[in-house]
Amino acid sequence: MQITELSNFIGLGVAGNFAGHLEQAGEAADFVAVKVADKVAPKALFPFYVPGHPGQLGVFPLSGEAIFLPEAAVSGDEKVQIEPEVALWCELAYDGEQVVAIHPKAFGAYNDCSIRRPNARKISEKKNWGEESKGLAATLLPLSHFAPGCELDDYRIACYLERDGELHPYGVDSAAVDYSYFHQQLLDWAIDKFNHQQDEGPAEHIQGLLAQAGRPAHALISIGATRYTPFGETHFLAPGDTACVVVYPASRYGEADIREAIRARTFGPDVSALLQAVRVR
């Protein structure tokens with residue numbers, strides 16, 4: 001599946017689905033008052049693209065080639081980080097206003113690129129600042145089902161920042177199965193958030209956004225960012241960088257193979273690779 005084939009979808013992300021990421025991103029305090037089912041449960045589902053939305057969320061933000069920094073980041077007033085994730089391309093099933101099933105059909109590398117705004121009112125205010133402000137690999141890989149033993153279970157998430165010709169590990173290379181919520185547990189959690197999450201604290205009323213978008217047939221759901229390396233935690237995107245997120249099968253490649261593939265700009269058909277040039281307008 002190619003990124004150009006994506007249509008009639010809402011873009012949503014899962015906040016807090018990898019142990020330690022929110023603390024590193026300085027966002028844990030945003031969710032202190034959010035009630036969760038258990039201590040490892042994700043915190044909220046947030047929008048990054050809502051077709052038909054009259055505000056910023058209505059701007060299509062995805063790119064497979066570039067990240068354009070917000071103006072304030074160029075001046076140093078705001079800081080932007082890569083957020084390496086897996087994204088699921090899903091079919092949605094409805095019964096009236098309720099989402100009753102989510103069927104993941106493909107997966108790929110995703111960059112939930114984010115502005116660090118400690119005082120942001122909503123999660124989405126850090127996520128979509130215009131065209132080419134987020135990243136999705138050009139090619140998504142097919143997913144026959146989303147249960148133990150599925151194709152994604154073999155995959156890992158790597159993240160590097162290429163700066164001045166040097167590759168720096170930016171995210172901790174992590175197995176997809178190490179997400180806190182995964183498989184049916186994640187889908188059941190997401191269905192509940194689709195139908196019941198309210199406009200409270202940093203969260204938004206997802207059912208209302210679905211209605212605004214005309215109850216789209218598909219959703220692109222990014223399922224959570226991995227932990228940062230010490231370099232990733234303390235270094236922010238600058239013009240001239242290349243942000244690299246690679247989702248690869250661990251049974252066929254090691255970390256050294258992925259670094260070499262990034263340098264060569266050549267990837268196997270079983271790899272979902274996202275390399276974005278960091279630019280300014």
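**Figure 1. F9, Y49, F60 and W89 come together as one aromatic cluster.** This is a predicted model, as are the views that follow. Welcome to the aromatic side of the structure, which holds eleven aromatic pairs in total. In the pair made by F9 and Y49, the ring centres are 5.3 Å apart and the planes meet at 50 degrees, so the pair counts as tilted. This pair links distant parts of the chain, with F9 in strand 1 (residues 9-15) and Y49 in strand 2 (residues 44-49), 40 residues apart. Are F9 and Y49 buried or exposed? Both F9 and Y49 are buried.

**Figure 2. Y170 and Y228 form an edge-to-face pair.** Here the planes of the two rings stand at 90 degrees, with the ring centres 5.7 Å apart. Y170 belongs to strand 12 (residues 166-175), while Y228 sits in the loop between strand 13 and helix 5 (230-234), so the pair ties together parts that are 58 residues apart in sequence. Y170 is buried, and Y228 is buried too.

**Figure 3. R281 lies over the face of F68.** In this view, look for R281 at 3.9 Å from the centre of the F68 ring.

**Figure 4. R117 and E78 meet in a salt bridge.** The structure holds twelve salt bridges, and in this one the N to O distance between the side chains is 2.7 Å. Which parts of the chain does the pair link? R117 is in the loop between strand 8 (114-115) and strand 9 (134-136), and E78 is in the loop between helix 2 (71-74) and strand 5 (80-81); the two are 39 residues apart. R117 has a relative accessibility of 28%, so R117 counts as partly exposed. E78, in contrast, is buried, with a relative accessible area of 17%.

**Figure 5. A salt bridge joins E97 and R215.** The N to O distance in this pair is 3.9 Å. Distant parts of the chain are linked here: E97 lies in the loop between strand 6 (84-95) and strand 7 (98-111), and R215 in the loop between helix 4 (206-212) and strand 13 (218-222), 118 residues apart. E97 is partly exposed at a relative accessible area of 48%, and R215 is partly exposed at 30% relative accessibility.

**Figure 6. K134 and D112 form a salt bridge between two buried residues.** The closest N and O atoms of K134 and D112 are 3.2 Å apart. Since K134 lies in strand 9 and D112 in the loop between strand 7 and strand 8, the pair ties together parts that are 22 residues apart in sequence. Step back a little and a network of salt bridges comes into view, linking E83, D112, R116, K127 and K134.

**Figure 7. The largest nonpolar core has 60 residues.** Which residues have the most contacts inside this core? They are V86, L88, I102, F107, F146, L152 and F194. Helix 3 (residues 183-196) gives the most to the core, with six residues. Apart from this core lies another, of twelve residues, including L6, L62, A87 and L136.

**Figure 8. Helix 3 has 14 residues and packs its buried residues against several strands and a helix.** From its first C-alpha to its last, helix 3 reaches 20 Å, close to the 20 Å expected at 1.5 Å a residue. The buried residues of the helix are H183, L186, L187, W189, A190, I191, K193, F194 and N195. Among these buried positions are some that recur three or four places apart, such as H183, L187 and A190. An α-helix has 3.6 residues a turn, so residues three or four places apart point the same way. What do the buried residues of helix 3 pack against? Their partners are strand 1, strand 2, strand 6, strand 7, helix 4 and strand 13.

**Figure 9. F194 and Q207 are in contact with each other.** Leaving aside neighbours within four places in sequence, F194 is in contact with L12, L45, L92, V99, I102, I206, Q207, L210, A219 and I221. Q207 has its place in helix 4. At a relative accessibility of 12%, Q207 counts as buried. With neighbours within four places in sequence again left aside, Q207 is in contact with E97, Q98, F194 and N195. Readers may recognise E97 from the salt bridge with R215, and F194 from the residues with the most contacts inside the largest nonpolar core.

Notes: Residues are numbered from 1 along each chain as its sequence is written. This is a predicted model: local features need pLDDT of at least 70, side-chain atom pairs count only at pLDDT 80 or more; totals for chains, interfaces and linings use all residues. Side-chain values use heavy atoms; hydrogens and water are left out. A salt bridge is a side-chain nitrogen of Lys or Arg within 4 Å of a carboxyl oxygen of Asp or Glu. Buried means under 20% relative accessible area, exposed over 50%, partly exposed in between (1.4 Å probe, protein chains only). A nonpolar core is a set of buried Ala, Val, Leu, Ile, Met, Phe, Trp, Tyr and Cys residues joined through side-chain atoms within 4.5 Å. Contact means heavy atoms within 4.5 Å. Rings of Phe, Tyr and Trp (its six-membered ring) pair if their centres lie within 6.5 Å; planes under 30 degrees apart count as stacked, over 60 as edge-to-face and the rest as tilted. A charge sits over a ring if NZ of Lys or CZ of Arg is within 6 Å of the ring centre and within 35 degrees of the ring normal. The expected span of a helix is 1.5 Å times one less than its number of residues.
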